[in-house]
Amino acid sequence: MEIAKKKAITKMVITNEKEKKSNFWKVFKSQKTLYMMSIPFVVWVFVFSYLPVWGWTMAFQNFRPGRSFFEQEWVGFDHFITLFTDERFITVLRNTLAMSLMGLVVGFTVPIIFAVLLNEVRHSFFKRTVQTVTYLPHFVSWVVVAGIVTKMLSIDGGIVNDLLLKLGIIDKPFQFMAQETWFWGIVTVSDLWKEMGWNAIIFLAAIAGLDPELYEAAKVDGAGRLRRIWHVTLPGIRPTILVVLILNIGHLVSIGFEKQMLLGNSLVVDYSEVLDLYALNYGIGLGQFSYGTAIGIFNSVVSIILLFLANGIFKRFSNQSVM
C-alpha cells in the first residue's frame, strides 16, 4: 500500500509539473508580443543594475587601476573594519538618517494631504492649474533649485531676509546657509517644494480610481465632506499609501547627494555630508576606490534589509506588500 501511495504521489507531482510547463508555453505563445517587447528593458536592467555588482569585489581588494583582476591585492574585510571604526562614518550616518526620516515624514505625508485637498476642488480649471504648477519643479535641475534657495536665503537681497526685516522679526540679516542646525530643515523644505506635486500624482490617480457611488452613499447617509474624506477617500487609497511607504522606507539611506552637495558649504559640512557624498569624496576625490565601494555596499545592504523588513511587517499586520 505504501509503495502504491508513493507511486501515485510521484505521478501526481510529475503531472502537475507537466501542466505548469504546458500552461507557461500556452501563455508565452498567446502573449509572445509582450514578452518580445519586454526584452530590451530586461537587458537594460541587467546591464545597468546587475552587471555592475561585479564591481563589489573592489571592496575586498586594495584596488589599483591598470592592474588586471588577478593582480589585485586581496585584503578581505579590512575596508569594512576601517569604515565602521571611523568616527566620521558615525557623523555621516547620523546626517543621512536624520535627513531621510525628516524627508520621509514631510515628503510622504504632505503629498497625501495635498492630493486629498486638491481632489476636493470642484473648479476644474483651477484644479488643473494648481496641479501643473506644483509638479513642474520636479523637472527643474537641483543645480537651479539650489541657486534659487541660496539666493532667497541670502543676506544680500534675499527675499526671506528682506521680508523678516520689514516685519520687524529680526534686526539684521540672518545667515541661514551658515547655520548647521538649520541645514536639515532647509534641505527638507527645498525637497518638498520640488517634489510635492510630482509625488502627489500617484495618490491623485488612486483617488480617481475610487467608485463615485461610495461618495454618493456616504452623502446620502449624511456624511459631510470631512467625513467622506476620512471614511471613503483615505481607506480607498490605503493600499497605495502602504506600498509607497514601503518603497520609501527601503530608500532611507539612499537619498543621493545632489541636494547636500549643492546646498552645503564648509561651514555646515558636519551636518551636510551623507553616505553617498561620503563615498564620492573618498572613492573619487581621494582615489580610495575600494573604500568608496565598501561604503556603497553598506548603503545597498542596509536598503535591502530595510525594504524586506518593512515589506514583512506591513504584510503581516496589514496584508499589503510589494513582494
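## The second largest pocket

Three helices, α2 (32–50), α11 and α15 (289–318), each put at least two residues into the lining of the second largest pocket. This is a predicted model, so take the pockets here as features of a prediction. Of those helices, α15 makes the largest contribution to that lining, with five residues. The pocket's volume comes to about 360 Å³.

In total, 15 residues line the second largest pocket, and S49, W56, S300, S303 and I304 are the ones that lie nearest its centre. If you sort the lining by residue type, you get eight nonpolar and seven polar residues, with no charged ones.

## A closer look at S303

S303 is worth a stop, since this residue is among those nearest the centre of the second largest pocket. S303 sits in helix α15. Is S303 buried or exposed? Its relative accessible area is 11%, and the cut-off for buried is under 20%, so S303 counts as buried. Once neighbours within four places in sequence are set aside, S303 is in contact with G250, V253 and S254.

## The largest pocket

Now for the largest pocket, which holds about 760 Å³ of space. Its lining is made up of 27 residues, and G103, G107, D191, N199 and N248 lie nearest the centre. By type, the lining splits into 14 nonpolar, ten polar and three charged residues.

Which helices supply at least two residues each to this lining? They are α4 (87–119), α8 (180–208), α11 (238–250) and α12 (258–263). Helix α8 gives the most, with nine residues. Helix α11 also turned up in the lining of the second largest pocket, where it supplies at least two residues.

## S100 on helix α4

Helix α4 is also home to S100. With a relative accessible area of just 6%, S100 is buried. A polar atom of the S100 side chain lies 2.6 Å from the backbone oxygen of T96. Those two positions fit a simple bit of helix geometry. An α-helix has 3.6 residues a turn, so residues three or four places apart point the same way.

Further along the sequence, S100 is in contact with L252, V253 and I255, leaving aside neighbours within four places. V253 is a residue we have already met, as it is also in contact with S303.

## Around helices α9 and α10

Helix α9 covers residues 212–220, and at its start a side-chain oxygen of D211 comes to within 3.1 Å of the backbone nitrogen of E213. Just after α9, G222 has a positive phi of about 95 degrees.

Helix α10 (residues 225–236) contains T233. T233 has 1% relative accessibility and so counts as buried. What does T233 touch, not counting residues up to four places away in sequence? The list is V116, I207, L210, Y215 and R228. For a long-range distance, take T233 and V27: they are 206 residues apart in sequence, and their C-alpha atoms are 37 Å apart in space.

## What the record says

UniProt, in an unreviewed entry, lists residues 93–310 as "domain: ABC transmembrane type-1". Across residues 93–310 of the model, the chain is 75% helix and 0% strand. The C-alpha atoms at the two ends of that range are 20 Å apart.

Notes:
Residues are numbered from 1 along each chain as its sequence is written. This is a predicted model: local features need pLDDT of at least 70, side-chain atom pairs count only at pLDDT 80 or more; totals for chains, interfaces and linings use all residues. Side-chain values use heavy atoms; hydrogens and water are left out. On a 1 Å grid over the protein atoms alone, a cavity is a set of points where a 1.4 Å probe fits but cannot get out, and a pocket is an open set with protein on both sides within 12 Å along at least five of seven lines; lining residues have an atom within 4 Å of a point. Grid points are joined across faces, edges and corners, and a volume is the space filled by probe spheres set on the points. Helices (H or I, at least four residues) and strands (E, at least two) are DSSP runs, numbered from the N terminus. Ala, Val, Leu, Ile, Met, Phe, Trp, Tyr, Cys and Pro count as nonpolar, Asp, Glu, Lys and Arg as charged, and the others, Gly among them, as polar. UniProt positions are given in the numbering used here, feature names are shortened, and annotations may be inferred rather than shown by experiment. Buried means under 20% relative accessible area, exposed over 50%, partly exposed in between (1.4 Å probe, protein chains only). A polar contact is a pair of N or O atoms within 3.5 Å; within protein, one must be able to donate a hydrogen and the other to accept it, and residues adjacent in sequence count only if both atoms are side-chain atoms. Contact means heavy atoms within 4.5 Å.
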